[in-house]
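Trainee: I should like a close look at a single part of this model, beginning with one residue and its surroundings. Please then continue to the other features that can be described.

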Amino acid sequence: MSGPPVRVLYITGWMRSGSTLLGNVLNELPGVRHIGELHFLWKNGVLGAGTNSSCGCGQPLTACPLWAEALDALPAGNTRATAHRMLALQRALMRTRHTRDRLAGARGVRPVDAGVAELLDQSAAVYRRMAAHGADRMVVDGSKCPAEAAALLGRGDLDVKVLHIVRDPRATALSYRSAKEYIDPMSPARSSGYWTAFNLASELVGREAPERYLRIRHEDLSSRPRETVAQVLRFAGLDDEVPVDAFGRVTLGVNHTVTGNPDRLRRGVTRIRPDERWRTALSAADIAAATVPALPLLGRYGYPAVPGRPSAGGPSAGTPSPATDRAGAPGPADAPSHTAARRATVVRPLWPGELW
């Protein structure tokens, strides 16, 4: 492709790690667009088969003018048959277990599978379209698929940097304990098993391209949002003023995201703050079950194997986990978006069950 490579910040790591929040903060910068989890474009956007499938602007993805144009520009087209083919290729080639193979292809030590090239051609086309419509400085993709991040490093038409976000596995275990309209429940042990697998695979990507990789903790984002966002901006090569004030407040406008935490639908002033509910909401047995599968990486990321309980005076300063308060009024699209998500035909997701 002619022209300079499109700059992409690809977020990887395990789910419920804060990628939606961070992406929407970055979305407030001029020339930066957070597009959500592009990996789910085919299932949620084209097929409308998953939950939480509206655009962040509140419209069905195919009705959003920005995404309608992007879908029309896809090299493979946006038919249902194409979507099913892309889903099959994702399951065959982009599982977490494929991260090493995708890195080998990116390094040029093995041929790039034709299916991988076909998948990445679609992603690159979306990135280019977004760059031409408001993302001329950077596209933020929060897909959190380590194998996809690995494969994208080999694209000459893209300038990809990988941001790896980690969060205490006990906090994510609490998030997954109960069913929500956009995620299936899973046990603390299973959640932490995936946590370890996704983070180990993301570490492989960082080891392969250390100059294009940064790891941050979600806890640092929640307790020191201004400083942590500044670190991300420096890594991404953006010299903007941090859009978060000294009190952790940020004003969020409309975004055009694919999938992601429903918090992406928030508008107005939002305050980023710590939330340690998992320390008291999880039983000792659940905490132990979430801790054991994560032991290989806990110390590396600064999480204690035996977490303390918060003091009576308030949350512990040790390992806060993130949350947001909405200080402004919801945008006009909020209610219709949630209604549309609830009405969507629910297909039990193969993600993360399609992995390994």
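**A residue in strand 1 and its surroundings**

Mentor: In this predicted model, Y10 has a relative accessibility of 0% and therefore counts as buried, the cut-off being under 20%. Y10 belongs to strand 1, which covers residues 6–12. Leaving aside residues up to four places away in sequence, the contacts of Y10 fall in several stretches of the chain: Y127; D141, S143, K144 and C145; E148, A149 and L152; and V160, K161, V162 and L163. The C-alpha atom of Y10 is also 6.0 Å from that of V140, although 130 residues separate the two in sequence.

One of the residues touched by Y10, E148, leads to the next feature, since E148 is also listed in the lining of the largest cavity. The model has three cavities of 30 Å³ or more, and the largest has a volume of about 70 Å³. Its lining consists of L38, H39, L41, W42, Q90, L119, L120, Q122, S123, V126 and E148. Two elements, helix 2 (41–46) and helix 6 (114–131), each give two or more residues to this lining. Helix 6 provides the largest share, with five residues. By residue class, the lining of the largest cavity divides into six nonpolar, four polar and one charged.

Helix 2 also serves to place another residue: S53 is found in the loop between helix 2 and helix 3, the latter being residues 65–72. S53 is at 14% relative accessibility and so counts as buried, again by the cut-off of under 20%. The C-alpha atom of S53 is separated by 5.5 Å from that of T259, a residue 206 positions away along the chain.

A further feature is a packing of two helices. Helix 8 (residues 169–177) packs with helix 13 (residues 284–291) at an angle of about 115 degrees, and their axes are 9 Å apart. The crossing of helix 8 past helix 13 is right-handed. Helix 8 contributes P169, R170, A173 and R177 to the contact, while helix 13 contributes D286, I287, A290 and T291. Four of the residues in this contact are nonpolar, one is polar and three are charged.

To return to the starting point, Y10 is a buried residue of strand 1, and E148 connects the description of its contacts with that of the lining of the largest cavity.

Methods
Residues are numbered from 1 along each chain as its sequence is written. This is a predicted model: local features need pLDDT of at least 70, side-chain atom pairs count only at pLDDT 80 or more; totals for chains, interfaces and linings use all residues. Side-chain values use heavy atoms; hydrogens and water are left out. Axes are lines fitted to C-alpha atoms, for helices over the stretch in contact, and angles run from 0 to 180 degrees between N-to-C directions. Helices (H or I, at least four residues) and strands (E, at least two) are DSSP runs, numbered from the N terminus. A crossing is left-handed if the near helix is turned anticlockwise from the far one by less than a right angle, and right-handed if clockwise. Contact means heavy atoms within 4.5 Å. Ala, Val, Leu, Ile, Met, Phe, Trp, Tyr, Cys and Pro count as nonpolar, Asp, Glu, Lys and Arg as charged, and the others, Gly among them, as polar. On a 1 Å grid over the protein atoms alone, a cavity is a set of points where a 1.4 Å probe fits but cannot get out, and a pocket is an open set with protein on both sides within 12 Å along at least five of seven lines; lining residues have an atom within 4 Å of a point. Grid points are joined across faces, edges and corners, and a volume is the space filled by probe spheres set on the points. Buried means under 20% relative accessible area, exposed over 50%, partly exposed in between (1.4 Å probe, protein chains only).
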